[in-house]
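Welcome! Let us take a short tour of a few spots in this protein, one at a time.

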Amino acid sequence: MHFSSSVATIASELSHLSLISTDTDNANFFQSLAELEVLCNHLYEGTDLAQRMQAEKVLLELIDSPECLSQCQLLLEQGTMSYAQLLAATCLSKLVSRASPLPIEQRIDIRNYILNYVASQPKLAPFVIQALVQVIAKITKLGWFEVLKDQLIFRDIIADVKKFLQGTVDHYIIGVMILSELTQEMNIVDYSRPSAKHRKIATSFRDTSLKDILMLACSLLKELMAKPLTLQDQRQQSLAMQLLKLVLNCLNFDFIGNSADESADDLCTVQIPTNWRTIFLEPETLDLFFDLYHSLPPMLSQLALSCLVQFASTRRSLFSNPERAKYLGNLIKGVKQILENPQGLSDPGNYHEFCRFLARLKTNYQLGELVMVKDYPEVIQLIANFTITSLQHWEFAPNSVHYLLILWQRMVASVPFVKTAEPHLLDTYAPEITKAYITSRLECVPVVIRDGLEDPLDDTATVFQQLEQLCTVSRCEYEKTCTLLVQLFDQNAQNYQKLLHSSSRNPLEITVQEGRLAWLVYFVGTFVGGRLTYTSTDEHDAMDGELSCRVFQLISLMDAQLPQCSNEKVELAILWFLDQFRKTYVGDQLQHTSKVYARMSEVLGITDDNHVLETFMTKIVTNLKYWGRCEPVISRTLQFLNDLSVGYPFYCLVKIEAVKFMLQNHTSKHFPFLGVSDNYSLSDLRCRTVFYTALTRLLMVDLGEDEDEFENFMLPLTVSFESVTQIFNSSFEQEEAKRMLIGLARDLRGIAFALNTKTSYTMLFDWIYPAYISVLQRAVELWYREPACTTPILKLMAEFMQNRSQRLNFDVSSPNGILLFRAASKMICTYGNQILSLGTLSKDQVYPLKLKGISICYSALKSALCGNYVSFGVFKLYGDNHFDNVLQAFVKMLLSVSHSDLLQYRKLSQSYYPLLECLTQDHMSFVTSLEPRVLIYILTSISEGLTAVDTIVSSSCCASLDYIVTYLFKHLAKEGKKTLRCREISQDGQRLLHFMQQNPEVLQQMMSILMNTIIFEDCRNQWSVSRPLLGLILLNEKYFSELRATLITSQPDNKHEALDQCFRNLMEGVEQNLLVKNRDR
């Protein structure tokens, strides 16, 4: 087997890279080989972290060394360890993936060398072959359009692979691996390279090669099936696995460039190209994979099922109606065969893929089409029985249940839209599915508790997802579901009451009963929340009333036992129910005559939603009083309070006694979670912000201009601040003061967030300034090393600076705007100077200890600069240095951050770039006064941000660049007029012009980036990108002409004229100015 150049040829062609030539060299190389193998051993198998890091460092240097190729060849040819060969493959992979590619001849030689190498040594370790095959795939992809001697030289890979298919089984396997890896590599988006180039290569590969590869793989699988399978033969198993992986990679290909989110698994449709129709119309294709599933062992049969999942997901438009019906019939026939012989489904991998397969059937096909299939009644019964069995075995593959519930959810949701006369039978099976889910979850409780297993209720994300799916299924034949639930609820509630009143009080039995009640409350909440206006009837609402009565009675029962005994899971379930009931039956969207209240009025005296709101608020106060030690319950309770404070007429809420109690008694005495003692302090106190936001919204209803009422409301916080002040002035118990301040900062942030009127905000400002602001200032100065303390205080200041709803537009006689900015300036400067004294921080500490605080400071400063409540010119006029100081602090903090960190940390980039936009828009005199090194840093950060994936960042960069270019252009225009007045006022512009003349490449590089983005990239914010372009062109006309010529010549000859015409159209009618009309041409 030979691939156009031999090992010897490659060796001679690489001889200039220090290959073996003399005895001395030979000795050195063997010494080097031994050292390299030791390093490989340390890297891949070592347990000593220091040794591994040292090995990694040395081996990284190897990749950048000029001897890299020769060392890789040495490791491959003379290495005695598989890890040495793996290292060589890894180095080659990095070498051929560099942004600046190796010469085309060298890449051809490397590819052919590897092909010859794996052909001559097919018994290599599988992971070595895999790594070497990856190198071939990368070389092929990156060189897909490269031409040598009028040939697309890298596209002959399939011909090379066919040589492997003529060899031994080992060669056969390697050939299939090459095709599989190549298909996968073509589908991987490398975000460090232009996405348009990737798409162009992937599309060309799809159109020229992918169908042939799929057909080849299918024919090879047919050949494999035609022979008697020896399942003990490892090589035959390996071949079957590689062929199935190859088919799967073909079917997983991103055919239309939509880069589907793999996490949205249930929504996927495979966009098979139209010219593949013949493959899919042949019944033998589907039969092949069903046969493979039945014939192969579990590890391989699940791959066959994965392929069938993709076949079931084929886009509907590939077929005509009769063809689609026939294709669906073949799929259903296969499902029937699997369910009639379910032995293979005992394997978790097979089971999971089969569940995915069933879900995809309903994703791609309508219920009306499914019921027309010949075997539908038998198959739907088999699927129902399979689902019921799966639900009953709740501990087996719990992550697969999701797909079964999706199937039933979508089937039931489609019932109103089915037009065919054929029976869908869902009214028979859906209630059975609902019953199986409910009973299986109740039966799992004693097993979980007695055996100490992981409780499914602890995984709330999965539970809520499954309940959401179940609520649709439960509404089919809702009477049956409600009857079952009422019966189970009554039975379990009675048993619970008996246990509570029993003299023995068995704790284990009580816990089991509470676990069951928690599930039942979740079910009631789910079914009540599943009410749909257009399908609900009065009878259904009355049933919801029956169910809800029982939960409200349970609430009374559970609360009566507090604080002696309680159950967190039941409480969380109750809060879930209350929230679902709120969304469904409370508010203006529902008639007050709803039948849900008829039964509740009889049993509980709750006649309408106002009474329900009272019950809600009483429950919230109870939880806040008695659940202070339990953060999950407190957090969910406060979120519920917050939702109520946003979503309902406030005048209804403030009349409730429980609300009045909260407004007058928000202290740790009544609500222990507000305390700061070790016993009751929550882990991070964040939920206090939510509490005070909701409470302040309720306060605002009747507050008006009543300063006395506001003072009374703030009294607990006043007492706390006075205590902190005393601690600062006396013995200074640091920990107590720190915890109190963290709580106060979070409380005040919640209050400030809710005060959206000028009057109420002014009351808060008068309360906090100046005495308490200075306390916060002192805390930042003292505890700058502790982000747990500084972050809440800085976030409070950032919230204070927000001019939301024009709340900071103080009276014309008020200096409050300037006073607030001076206080913020002082805090930012203090924090900035202190944080820079920390010096160099490790990678894992740099964000929490430094960058997070800097990002909050930048966010606060941006709010101040854009808030329009401070006239910044006043500071210079009166010799006040607070504005200059904060800008200098901005620069100092900025220079301590690397460019890579600016873009790597999202919160930092989303605060820095909008701040920079604000500075370039309104404060160019400051920007022009900066030292050249600072200007270079800022312009480089703009240049790097132009290509950021985050559109907030790239749009801000474009806007900042536009303001700078416009400022420069206007300065040049004024200079051209040569009037004395213009020259006198343009010193700032002169500085910037001089800098740009010294560094012309800065703007030129940005113009190049923008032009490449517009022409070659999938530009998501084209309008923003276009804004600075005209200014850049007018300032750099000569460079623009050169760039234009370069871009045109970089394209294929047949596109030169079209691109040249585009450039002519771009500049047609453009004048030498930056007026809006000229920009928009």
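Glutamate 707 is an exposed residue, because its relative accessible area is 53% and exposed means over 50%. Keep in mind as you look around that this is a predicted model. Glutamate 707 belongs to helix α32, which covers residues 707-729.

**A charged patch**

Which residues join Glu707 in forming a negative surface patch? The partners are Glu705, Asp706, Asp708, Glu711 and Asp766. Helix α32 supplies the largest share of this negative patch, with 3 residues.

**A buried glycine**

For a contrast, turn to glycine 989, which sits in helix α47, residues 987-998. Is glycine 989 buried or exposed? Its relative accessibility is 3%, so glycine 989 is buried, as the cut-off for that word is under 20%. Leaving aside residues up to four places away in sequence, glycine 989 touches Tyr967 and His971. Leucine 968 is 21 residues from glycine 989 along the sequence, and the C-alpha atoms of these two residues lie 6.5 Å apart in space.

**Two cis peptide bonds**

Next come two bonds that end in a proline. Leucine 562 is linked to proline 563 by a cis peptide bond, and tyrosine 769 is linked to proline 770 by a cis peptide bond as well. Where do these prolines lie? Proline 563 is in the loop between α24 and α25, while proline 770 is in the loop between α34 and α35. The table sets the two out side by side.

| Cis bond | Omega | Helices on either side of the proline's loop |
|---|---|---|
| leucine 562 to proline 563 | near -5 degrees | α24 (538-560) and α25 (568-585) |
| tyrosine 769 to proline 770 | about 5 degrees | α34 (758-768) and α35 (771-782) |

**Two positive phi angles**

The last stop is about backbone angles. Leucine 425 has a phi near 65 degrees, a positive value in a residue other than glycine. You will find leucine 425 in the loop between α19 (401-414) and α20 (426-451). Leucine 425 is partly exposed, because its relative accessible area of 22% falls between the under 20% of buried residues and the over 50% of exposed ones.

Serine 805 is another residue other than glycine with a positive phi, here near 55 degrees. The loop that holds serine 805 runs between α36 (787-800) and α37 (816-836). How exposed is serine 805? With a relative accessible area of 53%, serine 805 counts as exposed.

Note on methods:
Residues are numbered from 1 along each chain as its sequence is written. This is a predicted model: local features need pLDDT of at least 70, side-chain atom pairs count only at pLDDT 80 or more; totals for chains, interfaces and linings use all residues. Side-chain values use heavy atoms; hydrogens and water are left out. Patches are made of residues with over 30% relative accessible area and no salt bridge: like charges are joined within 9 Å, nonpolar side chains (Val, Leu, Ile, Met, Phe, Trp, Tyr) within 5 Å. Accessible areas come from the Shrake-Rupley method with a 1.4 Å probe; for residues, only the protein chains shown count as cover. A salt bridge is a side-chain nitrogen of Lys or Arg within 4 Å of a carboxyl oxygen of Asp or Glu. Lys and Arg count as positive and Asp and Glu as negative; His and the chain ends are not counted. The place of a charge is taken as NZ of Lys, CZ of Arg, CG of Asp or CD of Glu. Helices (H or I, at least four residues) and strands (E, at least two) are DSSP runs, numbered from the N terminus. Buried means under 20% relative accessible area, exposed over 50%, partly exposed in between (1.4 Å probe, protein chains only). Contact means heavy atoms within 4.5 Å.
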